[in-house]
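Got your viewer open? Load the model and keep the selection box handy; we'll hop from one spot to the next.

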Amino acid sequence: MHPPVFRTRITELFGIRHPILAGGLMWLSDANYVAAVVRAGGMAFLTPRSFPETGAFARELVRCRELTEGLPFGVNLNVSKVEGHNLKLDEWLDLSLRAGVRHFETVGRAPGDLIHRIHAAGGIAIHKCPLLRHAFNAERAGADAICIIGVEAGGHPGAAVLGSMVVAPMAARQLSVPLVIGGGIGTGDGILAALASGAEGVVLGSRLLAAEEVWAHPAYKERIVAAEQDSTLLTFSGAHPMGSWRVLENETSREVLRRETAGARDYAAFSDLIGGTKSRDHAYRDGEVERGMLSCGPAAAFTRAVEPMETIIDTLISEAVAARRRLERLDAMGSVDA
Ligand SMILES: Cc1cc2nc3c(=O)[nH]c(=O)nc-3n(C[C@H](O)[C@H](O)[C@H](O)COP(=O)(O)O)c2cc1C
């Protein structure tokens, strides 16, 4: 296990060894994933939406507590813009608080009420969003930290149109609370660049998908290991009412893009491809990786093997340290002295 190297307001806030957060992953962030990250020195978030029954989420909280052996872990609370999709939000928060969770990643619409309730219970909330104006609103609403994602992010980068190299310094210059950057980060060099831009931590998703502890089928992980620079597609981008979605390129996403380009706008035009549990059942469970919209960003291309989470995180930190040394060797005064 890599000793701590970078101490920031994020490592202090979350009580973690490394400034690495593992974002919530629909269908994939279960107790094994979260605990693996936590034990390796980062922070990760369970996604209640991955558990159609509330009882199953409650049991996962218990399992996560056991596996993390007293270390703090987090829960992702996603406020959907879809009417009727937030009915269980309060219950998820209550269950999490009762299970001792005090670290939350909030996402989506106006998180003010949630943040207030989290604070009232002695917890902290990092709000994840793509646009600076949303970040300022969340900061005003009391968020303890902000996570900004660039357009490279796997999953739903929302209204993000800029890469994380651009938004990181923009956000760092304007926010008072600590900043975390995500989207396209899959190496320690990238982590160092984010820290150099003023971020105090990073959020990762795509780089962690082939970790041994992720429950998905070996064929899916092979696909992640084989990913290259151009293996993902950004669907529903621009002003499309469905909201942007970055996924692996496969038969499903190519067909979605084809219908989108042909002018399809509403959910009904895509429901045979994107609804319900398709990605979970076909790709993650059965290994049919050509089927389903499989959230993923180009950072997956930094994956070279299926490895334990601890190896991935230790490697990232070692790379960040090496990158810092490389920069120190560029010091012109130092070279003159030498
Ligand atoms: C498979 C997958 C599922 C995701 N599901 C969610 C989710 O349910 N909630 C959420 O807030 N973010 C979700 N994300 C986004 C991640 O939490 C994280 O913000 C993002 O992956 C960071 O960018 P990167 O993919 O370039 O590392 C998902 C990402 C992936 C790759």
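Start by selecting helix H9, residues 218–225, along with strand E10 (245–248) and helix H12: these two are what the buried residues of H9 pack against. This is a predicted model, by the way. Show side chains on H9 and pick out Tyr220, Lys221 and Ile224, the buried residues of this helix. Look down the axis and you'll see that they share one side of H9, because the arc they cover is only 95°. Now flip to the face turned away from that buried side, where the exposed residues Pro218 and Glu222 sit.

Next, click on Leu294. You'll find Leu294 in the loop that links helix H12 (278–285) to helix H13 (309–328). Is Leu294 buried or exposed? It counts as buried, because its relative accessibility is 0% and the cut-off for buried is under 20%. To see what surrounds Leu294, leave out neighbours within four places in sequence and select its contacts: Tyr220, Arg246, Val247, Leu248, Asn250, Ser279, Ala283, Tyr284 and Val289. Tyr220 should look familiar, being one of the buried residues of H9. While you're here, draw a distance from the C-alpha of Leu294 to that of His156: the two residues are 138 apart along the chain, and the distance reads 11 Å.

Now jump to Ala143, in the loop between helix H6 (132–140) and strand E6 (145–149). Ala143 is another buried one, with a relative accessible area of 3%. Which residues does Ala143 touch, not counting those up to four places away in sequence? Highlight Ile115, Ala125, His127, Ala138 and Val177. For a second distance, go C-alpha to C-alpha from Ala143 to Leu132: eleven residues along the chain, 14 Å in space.

Last stop: a helix pair. Select H2 (residues 31–39) and H3 (residues 54–68), whose axes come within 9 Å and cross at roughly 30°. That angle makes H2 roughly parallel to H3, since angles under 35 degrees count that way. The crossing of the pair is right-handed. For the contact itself, show Ala31, Asn32, Val34, Ala35, Val38 and Arg39 on the H2 side, then Glu60, Arg63, Cys64, Leu67 and Thr68 on the H3 side. Color that set by class and you get six nonpolar, two polar and three charged residues.

Key
Residues numbered from 1 in each chain as written. Predicted model: local features only at pLDDT ≥ 70, side-chain atom pairs only at ≥ 80, totals over all residues. Heavy atoms only, no water. Axes fitted to C-alpha atoms, helices over the stretch in contact; angles between N-to-C directions. Helix = DSSP H or I, 4+ residues; strand = E, 2+ residues; numbered from the N terminus. Parallel < 35°, antiparallel > 145°, perpendicular 65-115°, else oblique. Left-handed = near helix turned anticlockwise from the far one by under 90°. Contact = heavy atoms within 4.5 Å. Nonpolar A, V, L, I, M, F, W, Y, C, P; charged D, E, K, R; others polar. Buried < 20%, exposed > 50% of the residue type's maximum accessible area, 1.4 Å probe, protein only. Arc of directions from axis to C-beta.
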